Each structure stands twice: as structure tokens, then as C-alpha cells.
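Got the structure open in your viewer? Let's walk through it one selection at a time.

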Amino acid sequence: MAAATDTLRAAMEALGGFIDIEDDRSLPGIEWRLSVNREAAARLGADVLSVGNAVQLVTNGLKLATYRPEDASDEVDIRVRLPAGFRSFDQLSRLTLSTARGQVPLSHFVTLTPAPKIGTLHRVDGRRTITIKADIAEGFRLDERLNALSEQVNTLPDGVGLVVAGEDADQREAGQFLLNAFGVAIFLMTLILVTQFNSLYQTALVLSAIVFSTAGVLMGLLLNGQSFGIVMVGMGIIALAGIVVNNNIVLIDTFNQLRAEGMSPTEAALETGCLRLRPVLLTAITTVLGLMPMVLGVNVDLLAPSLGLGAPSTQWWTQLSSAIAGGLAFATLLTLLLTPCMLVLGARRAARLSQTPPADCDRG
């Protein structure tokens with residue numbers, strides 16, 4: 001694990017974009033381990049407990065009792081220790097233990113060996129772990145740096161695995177939640193539209209505005225110089241899905257009413273475009289204009305009063321507003337042109353199917 005940690009840190013420093021790199025490994029050091037030969041100790045009449053008591057005289061001291069002073073609320077340990085000048089490793093080799101056979105040196109059955117120091121062991125789900133933490137430098141993106149790091153470090157020692165957590169794990173969790181929410185919203189909208197229009201074709205035509213708005217979302221982020229954030233852009237797409245379908249619903253409902261009055265599909269489509277052009281444009285324009293302060297990062301202080309540009313409070317909402325404004329503007333313009341045409345094509349296709357002669361039956 002230490003070798004894998006060194007490899008990862010070296011790769012992060014070589015790639016660049018990672019700052020304040022640190023890990024939770026113990027600081028390098030040496031600890032001394034005492035190994036007791038139980039067989040030799042038994043022959044000399046000693047035991048492990050007596051050895052431990054003797055070692056404590058050199059280290060933290062042997063606890064005899066506790067005492068609580070009158071002016072204190074906590075107990076104080078009473079310990080017996082060797083003088084400060086005798087608390088050394090050499091003293092351990094000179095210590096003797098009183099046994100039934102007399103004073104026996106500890107060195108006869110105790111071995112003192114150095115070993116790497118082990119501090120706190122960190123475990124996740126019962127598995128030993130070492131956590132490497134770092135921040136992303138300004139001008140770099142998290143997902144791009146992690147992909148580059150995974151390509152750079154493609155082999156690790158046997159038994160060592162790499163799991164990415166932190167902000168990337170939070171983004172994946174948020175993305176999965178937003179994807180499920182988007183699927184539930186589309187299902188509910190489809191159920192309602194099919195019930196109202198009694199037509200799968202017109203329902204698909206209404207929901208097509210959501211697909212068109214996705215291109216507008218990307219264009220809005222590109223024009224405003226914003227990156228694609230999973231949380232805010234995902235929330236923007238879900239909110240946009242409930243907004244952009246309104247234009248199609250208005251157009252299709254008007255088209256169906258005009259068709260019920262006896263107009264031909266072409267005449268009904270043209271009349272629908274003329275009747276609903278103004279309300280559809282006004283609705284979209286007012287929504288986009290209402291979002292422009294957040295898109296441009298304008299902060300309004302009503303107490304001052306004053307206007308600020310690029311305040312920290314506006315940076316969180318810029319992606320969300322850019323996604324909604326760009327997607328709505330693009331989908332509205334495309335809907336006004338494409339939806340009437342698709343309604344005419346759907347009416348003509350339904351007319352051809354109704355005029356198709358039935359399959360050959362028994363003509364006798």
C-alpha cells in the first residue's frame with residue numbers, strides 16, 4: 001500500500017492540476033518490539049506478566065493505585081518508575097527479574113528488535129485503507145484530471161485497489177438521483193399527455209421538445225462560458241422538461257380544435273401558427289429575460305441599493321439559469337417551425353392508413 005501511495009502521488013505531481021496533496025499514512029519512525037521466549041522464561045521461573053511489569057518501570061511506569069486530591073474531580077494515578085537517567089534502551093538489557101531461582105537478566109529470554117512504526121490503522125468496511133486527498137488547481141476540471149490519472153496509473157501492486165471518493169463520488173450519486181428523477185418526470189408527463197390527447201404520435205411530438213432543448217442547453221453553456229455541472233445543469237434540464245412542453249401542448253391543442261371544426265391539416269397548421277405565435281413567443285421571451293440577471297451574474301442589493309456583477313452569490317445559479325434560458329430559447333424557435341409541419345405529416349399519414357384497403361379475405 002505504501003508503494004501504491006507513492007506511485008499515485010508521483011503521478012499526480014507529474015500530471016499537474018493537483019494541489020495540496022496529502023495522505024493519512026503514519027509518519028516514518030521506529031518502534032521497538034520485545035519478543036519473549038516463553039519456553040526459556042518458564043525454565044528460569046519467569047512469566048510474561050512479570051516481564052511486562054519490569055518493562056513498564058523503564059517506560060510509562062507501573063501503576064500501583066489511584067488517588068483523588070481534595071481540590072480535584074479526577075483521580076490521579078500512582079506509578080512507580082525508574083529515575084529519569086535510567087530510562088533508556090540500555091537499561092532494558094541490564095534489568096533483572098526476581099524469580100524463584102534468584103535474579104535473572106531479562107536478556108536471557110527477551111529479545112529487543114526495531115521495526116517500522118505503525119500509528120493509526122484506517123479501515124473502511126473492514127479493509128485497510130490509505131486515503132490520498134488533493135484539491136484541483138484553478139483552470140482544471142475534476143473529471144478530466146481523474147481520467148488522466150487513471151490512464152497514467154493503470155497497474156497497482158497485487159492486492160491493492162483504487163477507489164475514487166470525495167467530490168467525484170458525490171457527483172456520481174447526484175447524477176444517478178437526477179437521472180431517476182428525470183425518468184419519473186418523463187413517465188408522468190407521458191401518462192398525462194396520452195390521457196389528454198389519446199394519441200401516442202402527438203404525445204411523442206410534445207416530448208420531442210425536451211430533446212430539442214438539450215442542444216439549446218449546451219449552446220447556452222457554451223455562449224456563457226460555463227462548464228457542464230452534473231448537479232445544477234441536471235436540475236436545469238429537469239426543470240426545462242416541464243417548461244418547453246407547454247408550447248407544443250398549446251400548438252397541438254389548437255390544431256386539434258381547428259381540425260374538429262373541419263379545416264384541412266395544412267390550413268389548421270397555418271392557422272395554429274398564426275394564432276399561437278404571439279403568446280408562445282411572449283411566454284418564452286419573458287421567461288428568458290427574467291433569467292438574464294442570473295445568466296449574466298448580476299447581483300441586486302436592495303438595501304444599498306446597488307448592482308453588482310459576478311458576485312459569489314450568483315456563481316452557484318449561473319449554470320442553472322444558462323441551461324434553462326438556452327434550452328427554452330432554442331426549443332421555442334424550433335417548436336414553432338417543426339411542430340406544425342409534424343402535425344401535418346401525422347394527419348396525412350393517418351389519412352393514408354384509413355384509406356388502405358383491408359387485407360384479402362374470403363371473396364367467395
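Helices and strands here are DSSP runs, numbered from the N terminus. With that in hand, select Arg101, which sits in the loop between strand S5 (96-99) and strand S6 (102-105). Keep in mind as you look around that this is a predicted model.

**Stop 1: Arg101**

Is Arg101 buried or exposed? Its relative accessibility is 66%, and the cut-off for exposed is over 50%, so Arg101 counts as exposed. Now show its neighbours, skipping anything up to four places away in sequence: Arg101 touches Arg43 and Leu44. Draw a C-alpha to C-alpha distance from Arg101 to Arg43 and you should get 9.8 Å, for two residues 58 apart in sequence.

**Stop 2: colour by confidence**

Switch the colouring to pLDDT. The protein chain averages 81, and 95% of the residues score at least 70. Where is confidence highest and lowest in the protein chain? Strand S4 (residues 76-80) has the highest mean, at 87, while strand S12 (residues 306-309) has the lowest, at 70. Then select residues 358-364: pLDDT stays under 50 there, and the model gives this stretch zero contacts beyond four places in sequence.

**Stop 3: strand S1**

Select strand S1 (residues 18-23), which holds Asp20, and click on Ile21, which lies in S1 too. Ile21 has a relative accessible area of 15%, and buried means under 20%, so Ile21 is buried. Beyond four places in sequence, Ile21 touches Arg9, Met12, Glu13, Ile132, Lys133 and Ala134. Try the pair Ile21 and Lys133: they are 112 residues apart in sequence, yet 5.7 Å apart from C-alpha to C-alpha.

Next, click on Asp20. Its phi is near 55°, a positive value in a residue other than glycine. Asp20 counts as exposed, at 55% relative accessibility.

**Stop 4: Asp125**

Asp125 also has a positive phi, of about 55°, although it is not a glycine. You'll find Asp125 in the loop between strand S8 (122-124) and S9. With a relative accessible area of 78%, Asp125 is exposed.

**Stop 5: the largest pocket**

Turn on a surface and head for Ile132, Leu162, Val163, Val164 and Ala165. Of the 35 residues lining the largest pocket, these are the closest to its centre. The pocket holds about 1200 Å³ of space. Which elements should you colour? Helix H1 (2-15), strand S9 (127-129), strand S10 (132-136), helix H5 (142-152) and H6 each supply at least two residues of the lining. H5 provides the largest share, six residues. Colour the lining by chemistry and it divides into 19 nonpolar, eight polar and eight charged residues.

**Stop 6: the nonpolar cores**

Hide the surface and select Ile210 and Val244. They have the most contacts inside the largest nonpolar core, which has 33 residues. Helix H6 (167-197), helix H7 (200-224), helix H8 (230-260), helix H9 (265-296) and helix H10 (312-355) each supply at least two of its residues. Which helix gives the most to this core? H8 does, with nine residues.

Zoom in on Ile210. Leaving aside neighbours within four places in sequence, Ile210 is in contact with Phe182, Ile186, Met189, Ala241, Val244 and Val245. For a last selection, pick Ala41, Val51, Ala54 and Leu97: they are among the 14 residues of another core, which lies apart from the largest one.

Methods
Residues numbered from 1 in each chain as written. Predicted model: local features only at pLDDT ≥ 70, side-chain atom pairs only at ≥ 80, totals over all residues. Heavy atoms only, no water. pLDDT = per-residue confidence, 0-100. Helix = DSSP H or I, 4+ residues; strand = E, 2+ residues; numbered from the N terminus. Contact = heavy atoms within 4.5 Å. Core = buried A, V, L, I, M, F, W, Y, C linked by side-chain atoms within 4.5 Å. Buried < 20%, exposed > 50% of the residue type's maximum accessible area, 1.4 Å probe, protein only. 1 Å grid on protein atoms, 1.4 Å probe; cavity = no way out; pocket = protein on both sides within 12 Å on 5 of 7 lines; lining within 4 Å. Points joined across faces, edges and corners; volume = space filled by probe spheres on them. Nonpolar A, V, L, I, M, F, W, Y, C, P; charged D, E, K, R; others polar.
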